[in-house]
Each structure stands twice: as C-alpha cells, then as structure tokens.
Amino acid sequence: MQRWPCTVANEMSRVIERCEVLAQISDSTDSISRLYLSPAYREGLLLVEQWMQAAGMSTWVDAVGNQWGRFAAVDPDAPVLIIGSHLDTIPNAGKFDGILGVVCGIEVVARLQAAGSTLPFHIDVVGFGDEEGVRFPISMLGARAVCGQWQPEWLELADAAGVTVREALLTCGLDPSKIGEASRVNDRLLGYWEIHMEQGPVLEQESLPVGIVSAIAGACRSRICFTGDAGHAGTVPMNLRHDALNAAAEFALSVERFAITEGVVGTVGQFSVFPGAVNVIPAKAECSLDLRSIDDDVLARVLSEMQTTSRAASAQRGVTVEWDVYHRAEARHCAPHFVALFEQAVAKHGQPVRVLPSGAGHDAMLMANITDMAMLFVRCKGGISHNPGEFVSANDAEVAVDTVLIALEELAKTHTADTRSTAS
Ligand SMILES: [Zn+2]
C-alpha cells in the first residue's frame, strides 16, 4: 500500500524500470543476489555499461571491478564530478539499495545528452563493487581502491567457499596487479554525489520525496561480556546471586535511555546467555553494542557513560564486565557548499527542504577522504531495506533525478564564474 501521492506511474520511469531489469540478474533463482565479483555481478556490469553508452558515455571497468562511464566536458583537462553508488547486493536483496543511485546517475546524464547540454566539468558515473561487504571479510573494496587505500594483502582474503579476492578478480577477467590504477586520488575532482534510498522511515513519516544528507554517522561497535557465577535456580537465594544476565539486561536498557537522551542511536543486537539452562543462574552473558552519531565527541562521551553504567550494574551484583571495542569509524560530513546547493535545488523543484543524517555507511564516506561529498536520500516505503520488499516510487526517483539536474545546472554556472575569475 502506498502512503504518498505518486504522480508518475512506475512503468513510466526509466529509472525504476532499469532497477527492475537489473533485479532479474541474480546468482539465485528465487531471490536477488549479486555479491561482489559473482557471475551475476559481472553480468550486471555489462548491462549497466550498455545503459551508460546509450547515454553517450565512454565506459570502462577498473581493475577492482567498479563500472565507470564518462560524460565528457569539451575541455579534456576539465575537473571531474563523480556521481554514483554501488551495484553489488546482499543475498536476498531488494531492487534499489545502491542500484538506484547508479541508475539515477545514468538518467541524469541521459537527460543532459538529450538536451544537448555540455558542462564545464566531466561527469563520471560510477557503480561501485563490494559496498555491502558480505562476500569477503572486509567492505567497500571498490571505493577503497578508488580512494587509493588498497592494501595488497587484501588480495589473499577469502570468501566462505575459500575463493580469494585475487581469484575472484581473475575469474571476472580483471587484473589484480593493476588495482593501483583504479585510484582517483591524483585526479582533479570537483566532488562525489551519491543518490541513495533512505533505508529509514523519516522521509516517509514526513511525506517528503527526497532529503539532503548532512553527514554519515560515525559508528562504534563493541562486544561486552558479563561474568558472574552459575548456581542452582532453586537453592541460591536472590540476595546471594551473581547473575550475569541481570547485569547485562540492566545495561541493555540503559543503552536505550542514554541514546534517547543524548540524541544518538544505540542497539544491542546480539545477546547470548551461558550456560542457558532453565534451572541455572546465568554465569555469563555476552552482548553487542552498536552506537552511531554524526558527532564523534558525543559518541565518545556516550560510550564512556555506557561503560560506567555497565560497571555499576555489574558491581551491584558481584559480576565482572569486560569490553572489547573492536570497530570505530569517524563521522563524515557532507561538504557545506554541496548541502547548500542541494537545498537550493530541492527548493527550486518546489519540495520542502529537509536535511537529515545518514545512520548507515555508504561509499560516500570513503569518497569523503579524497573529495567533497554530498548525498541525496530518496524516500522508501516503510523505511525497509536489505529486504526483497524494498520500494521506491517512480515519482520520488524522478524528483531525485530532477533535483540533481537543477543542482548540476547551478554548479555549472558557479564553476564557469569561478574559472572566469581565476582566469582574469
Ligand atoms: Zn547501499
């Protein structure tokens, strides 16, 4: 059931139609699955390459398996604006996560070509590989190579079937020795723009087709182990117990309280109890904690407060607690001049301007290491993603494409003015 007005039928949007067509290319017969460097992933690139060529782009696949297409400026030495997202999927995926941004990028170029427009900068549309990071024990290999962060030892990482990155690249006809050439670090880059489905419920909740991303939240992941004493559930009185689960449970509830008060998001997504018998007081409880915020200082403070709380809840019960903070990623802020440009474009399109953070990681957070970055979110039904039920309406996809076209027009004006003022 659709909860927002849709002025364009799905069958009338080439963007949505292409997302549907790409969804037919899968390694699985009963669901969508295009894991990085799989046969279906490679086949998907060929189709995307055809769409890029039809939109007037010259195309290439870099050595790490990213699909590129260039809509060239007249001046071969002009700087480059990269627009893209990712083409790999999780197993049992939806039709839009990542794909939407690549297809919208191609559509933007197709419209420019149809209008006979030329820009004072190249547009490179990219479909990244391995954003999802579900095949190998690492993620975003495509964007990492483009950012010049590639580490040669990654070639030896193996998937569940024992196939290494090197073998998978070779199977796809790619040359692992040329991955260094995928780096765009030394190129004249104007920026990186990514259109992506929101993967959350905010835009739908506020009846907005698109939203402008302020920043990609930093994240911190921990494993927490509470250790108490096992005992007979019938014979040990309540005041003499060292119940590890109760300490962990109190901690889990404090995560919710702190997160709400501090304006961050915190999730205890894994929880195990040992020995896990109906008549035994829990001796050990292990849980995970995923904390995210666009403010790194707030994140650090909340983490420290949660550690203090976990120790207090444990001490009260004669339980010990150990923390392993095994992953930290800093927040990445979208370039303020691009945020302003997108705000202007959204308003010019006649839509309410809404700026919101991204709680999920994206290729854009890697690209922020080498150039100014911006993201435009597109409303999705029920906030659902990583799920075959993903849905983006034709109307909203069209709003995203139009918004980017308006922003490009404006960027072209300011860029030309800038070049003139530097020349004079
Ligand atoms: Zn994605």
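Here are four short exercises on a predicted model of a protein chain, each with a worked solution.

Before you start: residues are numbered from 1 along each chain as its sequence is written, and side-chain values use heavy atoms, with hydrogens and water left out. Local features need pLDDT of at least 70 and side-chain atom pairs count only at pLDDT 80 or more, while totals for chains, interfaces and linings use all residues.

**Exercise 1. Find the domains of the chain and say how far apart their centres are.**

Step 1: Look up the bounds, which come from an automatic or database domain assignment. Domain 1 covers 14-217 + 331-423, and domain 2 covers 218-329.

Step 2: Take the centres over C-alpha atoms; they are separated by 38 Å.

Step 3: Now check who touches whom, with contact meaning heavy atoms within 4.5 Å. Ten residues from domain 1 and seven residues from domain 2 take part.

**Exercise 2. Describe the interface between domain 1 and domain 2.**

Step 1: Start with buried area, which is the accessible area (1.4 Å probe) that two parts lose on being put together, summed over both. Here that comes to about 540 Å², and carbon and sulfur atoms give 58% of it.

Step 2: See who pays for it on the side of domain 1. A217, A331 and G359 lose the most area to domain 2, together 67% of what that side buries.

Step 3: Count the salt bridges, where a side-chain nitrogen of Lys or Arg is within 4 Å of a carboxyl oxygen of Asp or Glu. Between the two domains the count is zero.

Step 4: Sort the domain 1 side by class. Ala, Val, Leu, Ile, Met, Phe, Trp, Tyr, Cys and Pro are nonpolar, Asp, Glu, Lys and Arg are charged, and the others, Gly among them, are polar. You get six nonpolar, four polar and no charged residues.

**Exercise 3. Place A217 in the structure: is A217 buried or exposed?**

Step 1: Find its element, using DSSP runs numbered from the N terminus (helices are H or I, at least four residues; strands are E, at least two). A217 sits in the loop between β6 and β7 (218-227).

Step 2: Apply the cut-offs: buried is under 20% relative accessible area, exposed is over 50%, and partly exposed is in between (1.4 Å probe, protein chains only). With 10% relative accessibility, A217 is buried.

Step 3: List its partners, skipping neighbours within four places in sequence. A217 is in contact with R292, S293, I294, A331, S358 and G359.

Step 4: Compare sequence with space. A217 and E330 are 113 residues apart along the chain, yet their C-alpha atoms are separated by 7.4 Å.

**Exercise 4. Which salt bridges does R301 form with E262 and E305, and what do they link?**

Step 1: Take E262. Its side chain meets that of R301 in a salt bridge (3.1 Å, N to O).

Step 2: Ask what this pair links. E262 lies in helix α7 (residues 244-262) and R301 in helix α8 (residues 296-315), so the bridge ties together parts that are 39 residues apart in sequence.

Step 3: Take E305. In its salt bridge with R301, the closest N and O atoms are 3.5 Å apart. Both residues lie in helix α8, four residues apart, about one turn of the helix.

Step 4: Check accessibility. R301 is partly exposed at 39%, E262 is partly exposed at 24%, and E305 is partly exposed at 23%.
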